[in-house]
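Work through the following exercises with the sequence and the 3D structure open beside you. Try each task before you read its solution.

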There are 2 protein chains.
Amino acid sequence: MISPPFSYQISARQGRARAGKFVTPHGVLETPVFAPVGTQATVKSLTPDQLAGLNTTLVLANTYHLHLRPGDELVKEMGGLHQFMSWPGPILTDSGGFQVFSLAKNRRIDQEGVTFRSHIDGSQQRLDPEISIRIQENLGADIIMAFDECSDPYDKEYVREAMVRTHNWAERCQQAKRRDDQALFGIVQGGIFEDLRQESAEFIASLDFPGNAIGGLSVGETKAEMHTILELVDQALPVDKPRYLMGVGTPEDLVNGVMRGVDIFDCVLPTRLARHNAAMTRYGGRLNIVNAQYAKDEQPLDQGCTCYTCQHFSRAYLRHLVISKEMLAATLLSIHNLHTMINLAADIRQAILEGEFEDFCIHFLQVHSEINSHQDKN
Amino acid sequence: MISPPFSYQISARQGRARAGKFVTPHGVLETPVFAPVGTQATVKSLTPDQLAGLNTTLVLANTYHLHLRPGDELVKEMGGLHQFMSWPGPILTDSGGFQVFSLAKNRRIDQEGVTFRSHIDGSQQRLDPEISIRIQENLGADIIMAFDECSDPYDKEYVREAMVRTHNWAERCQQAKRRDDQALFGIVQGGIFEDLRQESAEFIASLDFPGNAIGGLSVGETKAEMHTILELVDQALPVDKPRYLMGVGTPEDLVNGVMRGVDIFDCVLPTRLARHNAAMTRYGGRLNIVNAQYAKDEQPLDQGCTCYTCQHFSRAYLRHLVISKEMLAATLLSIHNLHTMINLAADIRQAILEGEFEDFCIHFLQVHSEINSHQDKN
């Protein structure tokens with residue numbers, strides 16, 4: 001159930017795609033929306049002012065990281081995450097589950113939760129549904145996530161076990177939750193298996209969360225498998241609540257996700273690629289700006305891009321910054337890459353509102369496929 | 001001589017202090033002014049937009065660094081330094097001399113110039129007055145500097161030799177210069193020796209540059225020695241041209257310099273301290289933000305500071321960023337430190353314009369001395 005101060009309203013639909021408004025205590029998310037990731041309470045190399053200049057609305061932060069450092073109790077004492085990181089807009093925290101399963105050392109899973117060692121100092125830690133919710137309540141994000149287990153998507157027996165635990169933990173998270181100014185989203189798991197995904201989506205839908213997430217995708221499966229699962233989950237989840245595809249992804253993933261009913265996306269890719277000298281472009285192409293061919297290239301990263309970086313700097317300058325190991329390189333590439341994703345989400349929304357999303361997709365996927373086949377040849 | 005498009009006008013004087021306007025092709029420098037250093041065509045970790053937000057007017061860039069990488073010819077091809085780094089305001093380039101004498105390997109000085117090996121790739125390079133001017137003309141800064149030798153300030157015989165070379169090179173720079181849209185400043189050398197400084201200031205003054213710089217200070221001498229030299233040079237240099245104290249310095253250096261007739265300052269200190277986790281404060285105190293005492297400190301870096309960092313972030317958050325090795329730490333500390341210096345220069349100017357600079361100095365130096373004696377006790 002979606003209760004005040006939250007509400008969700010669909011402004012327009014086209015096929016399975018939706019343009020909506022999700023109201024949170026810290027502002028409205030106009031969906032589809034792409035959220036930059038601020039793992040440690042900072043979107044790497046960018047100030048909140050720069051994020052706002054990119055029309056960022058939603059920022060994601062990580063429960064696992066902030067619990068370990070500086071500690072969620074400290075963040076609470078400092079006035080909560082919004083004040084601590086000076087982000088006045090909506091924030092989403094994940095549950096910590098994904099990081100425990102991918103980053104932590106010596107993790108030991110039981111039916112109640114997970115015991116693990118911190119990747120920072122090796123200290124023994126524990127996360128379970130109640131602890132995850134308590135941490136997320138201390139952090140104080142607008143959207144918080146149920147504690148789940150994201151497993152190898154191909155090992156069916158294990159995927160089933162993890163899914164059953166995830167369902168059990170989802171109920172415990174619901175019971176543990178206290179704050180009314182946070183919306184708890186459930187998470188569908190089930191790997192690449194249609195029967196498990198169907199079962200998981202139906203179960204999570206039955207718990208009547210104010211929003212639902214699709215976890216365990218973009219973790220090694222093929223794009224075709226991801227699309228099949230998205231279509232199946234789209235049918236099983238309630239239409240009148242937002243859907244969040246976790247940890248995805250690229251420009252083409254955004255288009256493909258919205259086509260299959262997704263409203264919210266997040267991914268570290270734009271800022272991570274930036275720190276590895278790569279620029280994303282509108283249709284999924286990438287430039288490695290270190291390449292010698294850009295040494296005297298006066299063009300911006302992406303022709304026609306309206307971001308601060310493309311309006312002011314040449315590829316030659318950006319290459320110089322990277323080669324000179326200047327921090328500004330990461331900042332300027334992050335601005336461009338995030339703009340590419342956030343602006344694409346805004347254009348997708350506009351296309352849905354204007355009833356032109358089908359043409360948008362056909363054009364986008366055609367150009368994307370031409371660029372990719374061209375890049376493959378090189 | 002100061003010729004169009006340059007001009008210099010003194011708006012107010014108080015004692016030896018002056019508030020002036022130095023007009024350049026890319027804008028007016030309201031002096032006293034503090035210039036951030038953008039060694040490799042970027043003020044480390046800051047965008048030009050952020051610099052402009054700090055009311056930066058003048059930015060310094062390094063001839064030695066840009067000649068070696070990406071190459072001044074490339075910068076020229078890309079439209080010159082203003083366009084390359086997207087800084088629309090005034091730029092000053094140094095001559096490369098200081099870096100050759102401090103950074104380069106295997107340098108060999110002769111009467112004509114310096115042969116050295118690049119600190120980047122060990123390649124053999126040469127700088128002399130004509131080459132330095134040609135590089136600076138390729139870069140295209142508004143203010144360019146004569147090629148000089150900055151020596152150990154205490155070795156009198158060597159200081160004299162270096163000074164004679166510097167004078168000879170100053171004349172050669174004047175003869176080599178072609179572009180009318182660049183103002184070439186001469187540089188006074190002479191270490192800590194009053195007779196040499198007197199001789200150097202008179203000689204450089206006789207060459208009638210549009211502006212004069214004082215080099216070879218803040219390189220190991222005492223503050224008292226620096227002040228003595230500044231007072232002496234102030235008397236010998238023409239009053240109706242701007243004076244630039246190279247590579248200085250701290251808030252107290254700014255006040256002490258202006259008191260002794262200096263108009264233009266630059267220093268890497270604000271951004272270098274930022275990258276070493278240190279915050280400067282108005283009266284010369286410093287905070288090492290890593291200290292455990294700041295872990296739960298909700299205060300801004302400096303009470304009453306109006307910079308973006310102090311308006312939005314607590315010491316606790318900045319400490320978290322540093323400890324988490326987040327790049328944003330350097331950005332936010334650089335913003336604060338540069339604001340501290342640029343804002344102090346603006347306040348000094350205002351005090352001179354209002355005839356209150358003497359009171360300003362008394363108050364400033366008193367608080368500075370209290371803070372320093374307090375910090376010494378801790």
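Two residues are in contact here when they have heavy atoms within 4.5 Å of each other. The structure is a predicted model, in which local features need pLDDT of at least 70 and side-chain atom pairs count only at pLDDT 80 or more, while totals for chains, interfaces and linings use all residues. Residues are numbered from 1 along each chain as its sequence is written, chains are lettered from A in the order in which they are written, and side-chain values use heavy atoms, with hydrogens and water left out.

**Exercise 1.** Find how many residues each chain gives to the contact, and state the area buried between chain A and chain B.

*Solution.* Begin with the residues: chain A brings 39 residues to the contact and chain B brings 40 residues. Next take the buried area, which is the accessible area (1.4 Å probe) that two parts lose on being put together, summed over both. For chain A and chain B this area is about 3400 Å², and carbon and sulfur atoms give 60% of it. Finally, look at A:H320, A:E326 and A:M327, which supply 17% of the area that chain A buries against chain B, more than any other three residues.

**Exercise 2.** Count the salt bridges between chain A and chain B, and find the partner of B:K44 in a salt bridge.

*Solution.* Apply the rule that a side-chain nitrogen of Lys or Arg must lie within 4 Å of a carboxyl oxygen of Asp or Glu. The count between the two chains is four salt bridges. In one salt bridge, the side chain of B:K44 meets that of A:E326 at 2.6 Å, N to O.

**Exercise 3.** Describe the open sheet β1-β2-β3 of chain A, and say which strands stand at its edges.

*Solution.* Recall that strands are DSSP runs (E, at least two residues), numbered from the N terminus, and that two strands pair if DSSP finds at least two bridges between them. The sheet has three strands in the order β1-β2-β3, with antiparallel pairing. Because β1 (7-14) and β3 (27-31) each have a single partner strand, they stand at the edges, and one side of each is left without a neighbour in the sheet. Then follow β2 (residues 17-24), which is joined to β3(A) by five bridges in the antiparallel sense; within this pair, A:K21 stands opposite A:E30.

**Exercise 4.** Find how many bridges join β8 to β9 in chain B, and name the bridge partner of B:R117.

*Solution.* Strand β8 (residues 114-117) runs antiparallel to β9(B), and four bridges join them. The bridge partner of B:R117 in β9(B) is B:Q124.
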